[in-house]
Amino acid sequence: MFTFTLRRLILTIPTLLFISFVIFMIVKLSPSDPTGNLPLTIPPEVREQIREALGANDTLLVQYGRWLEQFFWIEPRVYLERTFGWDLGTEGEIRLLSYQTRSPVMDLIMQRMPQTLWVVGVAYLVGIAIALPIGVISAYRQYSVFDQVGTFVSMVGFSVPPFFSGVVVIVIFSVLISTDSVFWLPSVYDTTHQVTDWESFKYQFRQMIMPVMVLALQITAQISRFTRASMLDNLNQDYVRTARAKGVRERTVVLLHVLRNSMIPVVTVIALGIPSIFGGAIITEQVFKVNGLGQLLIIAIQGGDVPTVQTLTFIFAILIVLFNLIADVLYGILDPRIRYD
Amino acid sequence: MTEPVPATPIAEPVEIRKPARSQWWDVWDQFRSHTGAFWGMVVFLIIVLAVLFGPFLWHIDPTYIDIRARNQGPSLAHPMGTDQLGRDTFARMMSGGRVSLAVGMTAMLLALVLGTLIGVLAGYFKRLDGPLMRLTDLFLALPLLPLLLVIIMLFREVLSARFGPEGGIFILMVSAIGITSWMQTARIVRGDVLALKEREFVLAARSIGTPNRRMVTRHVLPNVLSPIMVSATLGIATAIITESSLSFLGLGFPPDFPTWGRLLFDSVDYLQQSPARVIWPGMAISMTVLAVNYMGDGLRDALDPRIRGR
């Protein structure tokens with residue numbers, strides 16, 4: 001197991017390098033100009049100097065190498081210095097700068113990270129908490145009314161895109177319901193809101209309901225289907241019959257024997273779904289105006305901010321590769337039948 | 001000795017032989033008995049027909065601006081109301097649906113062709129298996145939505161200049177979605193081809209000297225048709241959702257060229273005045289995708305011989 005994990009970890013390095021190269025090339029080969037958004041009154045020679053200073057005139061390989069150095073060598077050291085107060089000599093080094101704000105890209109990302117993590121993380125937990133019981137009950141009572149309704153709801157969860165479900169809940173809870181009602185919910189997520197007392201906690205709770213539920217609906221749809229299928233596979237196994245035959249209580253059979261075995265693939269699916277949730281959150285963040293990573297990406301794309309776009313996309317790619325690895329390793333740990341060595 | 005049996009017809013048990021049926025009739029029967037799939041198909045056909053032939057019956061031009069009739073609710077003259085410029089939402093929904101469905105289907109076809117090609121090549125030719133599957137894994141590790149956004153933002157102007165604003169975005173949209181969604185098909189097809197290769201009929205065909213090209217077209221492809229068909233239906237759904245997400249983020253077709261996603265995006269700004277306006281395009285997207293998903297579900301069951309005929 002250990003050697004497998006190590007081998008996979010080493011294998012991720014070329015994968016990530018390749019992906020970063022692809023992203024870099026897509027962004028760089030496009031005809032976008034870093035000075036395109038500057039005022040037209042800037043004379044061409046000054047414009048050329050700006051381009052020179054941004055390093056946009058070097059050959060592509062030099063630019064790619066510089067980006068790699070900044071991302072993998074300079075930025076981690078800067079953050080190590082900050083957290084531990086060491087001196088690693090990053091004083092004069094050029095950090096990865098955003099074209100738009102002229103501040104380090106990593107700082108921008110760190111500012112946005114908590115909002116995204118908070119909303120997405122809570123949504124994921126809520127989604128799983130709803131999905132597991134639904135999946136278990138629909139499998140145990142296959143073809144019952146509960147199962148049919150569950151199937152329909154998850155089909156709807158699959159089919160209704162978040163930009164529609166989000167807007168619909170806004171229409172219902174923010175527009176149609178009057179603002180002084182208990183059921184009114186704010187449609188804009190206020191990230192500067194501080195939780196200090198009970199009242200502000202209640203407000204925080206209310207503003208989180210809609211984005212979290214919209215994201216959770218999709219997660220629930222996926223995971224409850226998967227749980228159901230996995231439970232059904234296990235319910236027909238011989239060991240279940242044996243357990244029942246020797247007089248184990250039904251509760252124990254279902255919740256201990258079957259559930260534990262069915263959780264193996266579900267856990268890996270949960271791990272695999274985490275990065276795609278960040279992608280889906282781009283739209284949900286846009287609907288509810290959460291200023292998280294997704295919104296940063298959209299702004300950067302619209303502003304032609306190449307370093308930010310590159311870095312953010314690459315971070316999403318790292319998440320995918322990382323959680324793929326985690327899912328593989330988890331599968332090996334949880335299921336003794338699977339041995340990679 | 002044996003007397004010849006008299007030729008007089010003994011009342012032969014009248015056997016009404018069913019006409020020869022191909023397996024597709026069985027598939028159709030199974031598909032029909034899946035309620036969700038059947039109604040999904042009905043809804044999908046209605047939507048497709050409405051979008052295709054609606055504009056011939058409904059004569060209001062989707063781009064006609066009648067500023068005095070702006071922001072109206074549903075009425076007889078405008079069954080779905082009008083937008084902020086007084087354009088008829090019903091007409092815009094139909095022309096938007098044409099674009100959305102066209103993008104969805106073309107992108108699905110592209111993804112399908114790519115996925116099948118790569119899947120068959122990887123499964124059939126051992127030498128290509130390693131590299132092609134590594135490529136598939138790499139594509140699966142790409143963050144698709146951010147990448148699609150980047151691609152469309154960066155290349156839209158070049159292509160618009162080349163093929164005109166609508167044509168350019170259409171080509172860009174279809175190729176971007178197609179190139180980023182072939183991986184699942186490729187994996188499924190490869191798996192099936194690998195299993196097929198070990199079967200006796202393939203061995204028999206090979207032993208009579210069938211060349212590779214004909215092996216693939218005659219023996220392999222027809223047998224992997226069912227997973228391809230299932231991923232085709234599901235592919236339409238994802239392509240439509242992707243297209244409308246991109247339009248919703250403001251990175252789709254130009255504003256005067258409506259698609260369902262674009263209509264939804266435009267209506268969000270008028271959420272306070274006319275909340276009903278978001279419902280139409282959103283419903284259209286959701287209904288289409290829901291119908292297609294149910295169809296895919298039913299098709300999967302119908303094409304699985306272990307389930308069919310039970």
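The following exercises, each with a worked solution, concern a predicted model of two chains, A and B.

**Exercise 1. Describe the secondary structure and burial of each chain.**

Step 1. Chain A contains eleven helices and zero strands. Read along its sequence, the pattern is therefore α-α-α-α-α-α-α-α-α-α-α.

Step 2. Chain B has twelve helices and, again, zero strands.

Step 3. Burial is taken up next. Of the 341 residues in chain A, 33% count as buried. Of the 310 residues in chain B, 42% do.

Step 4. For contacts in chain A between residues at least 6 apart in sequence, 70% link residues at least 24 apart. The corresponding value for chain B is 70%.

Step 5. Along the principal axes, the C-alpha atoms of chain A fill a box of roughly 85 × 60 × 40 Å.

**Exercise 2. Determine whether the end-to-end distance of helix α4 of chain A agrees with its expected span, and locate its kink.**

Step 1. Helix α4 of chain A covers residues 105-140, which is 36 residues.

Step 2. At 1.5 Å a residue, with the count taken as one less than the number of residues, the helix should span 52 Å.

Step 3. The end C-alpha atoms of α4(A) are 50 Å apart, so the distance agrees with the expectation.

Step 4. Within α4(A), a kink of about 35 degrees lies at Arg112(A), shortly before the proline Pro114(A).

**Exercise 3. Apply the span test to helix α6 of chain B, and state what its buried residues pack against.**

Step 1. This helix comprises residues 165-179, or 15 residues, and should span 21 Å at 1.5 Å a residue.

Step 2. Its end C-alpha atoms are 21 Å apart, which agrees.

Step 3. The buried residues of α6(B) are Ile169(B), Leu172(B), Met173(B), Val174(B), Ala176(B), Ile177(B) and Gly178(B).

Step 4. These buried residues pack against three elements of chain B: α3 (89-124), α5 (144-163) and α10 (225-248).

**Exercise 4. Characterise the contact between the two chains, beginning with the whole contact and ending with one helix pair.**

Step 1. Chain A gives 37 residues to the contact, and chain B gives 33.

Step 2. On the side of chain A that touches chain B, at least two residues each come from α1 (2-29), α5 (145-159), α6, α9 (250-288), α10 (293-302) and α11 (306-334).

Step 3. Sorted by class, that side of chain A has 29 nonpolar, eight polar and no charged residues.

Step 4. One helix pair joins α6 of chain A (residues 162-176) to α12 of chain B (residues 276-303); the two pack at an angle of about 145 degrees, with axes 10 Å apart. The crossing of α6(A) and α12(B) is left-handed.

Step 5. From α6(A), Phe164(A), Val167(A), Val168(A) and Val171(A) meet Val278(B), Gly282(B), Ile285(B) and Ser286(B) of α12(B). By class, the residues of this contact are six nonpolar, two polar and no charged.

**Exercise 5. Classify Val171(A) and Ser267(B) as buried or exposed, and list what each touches.**

Step 1. Val171(A) is found in helix α6 of chain A. With 21 other C-beta atoms within 10 Å, Val171(A) is buried, because the threshold is 20 or more.

Step 2. Leaving out residues up to four places away in sequence, Val171(A) touches Leu176(A), Leu271(B), Pro275(B) and Val278(B).

Step 3. Ser267(B) lies in helix α11 of chain B, residues 260-268. Ser267(B) has 22 other C-beta atoms within 10 Å, so it is buried.

Step 4. With the same exclusion of residues up to four places away in sequence, Ser267(B) touches Arg277(B), Val278(B) and Pro281(B). Ser267(B) and Val278(B) are eleven residues apart in sequence, and their C-alpha atoms are 5.4 Å apart.

**Exercise 6. For Tyr143(A) and Lys289(A), give the phi value, the place and the exposure class.**

Step 1. Tyr143(A) is not a glycine, yet its phi is positive, near 65 degrees. Its place is the loop between α4 and α5 of chain A.

Step 2. Tyr143(A) has 9 C-beta neighbours inside 10 Å and therefore counts as exposed, the limit being 12 or fewer.

Step 3. Lys289(A), also not a glycine, has a positive phi of about 55 degrees. Lys289(A) belongs to the loop between α9 and α10 of chain A.

Step 4. With 13 other C-beta atoms within 10 Å, Lys289(A) is partly exposed.

Definitions and conventions. Residues numbered from 1 in each chain as written. Chains lettered and ligands numbered in written order. Predicted model: local features only at pLDDT ≥ 70, side-chain atom pairs only at ≥ 80, totals over all residues. Helix = DSSP H or I, 4+ residues; strand = E, 2+ residues; numbered from the N terminus. Bend = angle between axes of the 7 residues up to and from the residue. Axes fitted to C-alpha atoms, helices over the stretch in contact; angles between N-to-C directions. Left-handed = near helix turned anticlockwise from the far one by under 90°. Contact = placed C-beta atoms within 7 Å. Nonpolar A, V, L, I, M, F, W, Y, C, P; charged D, E, K, R; others polar.
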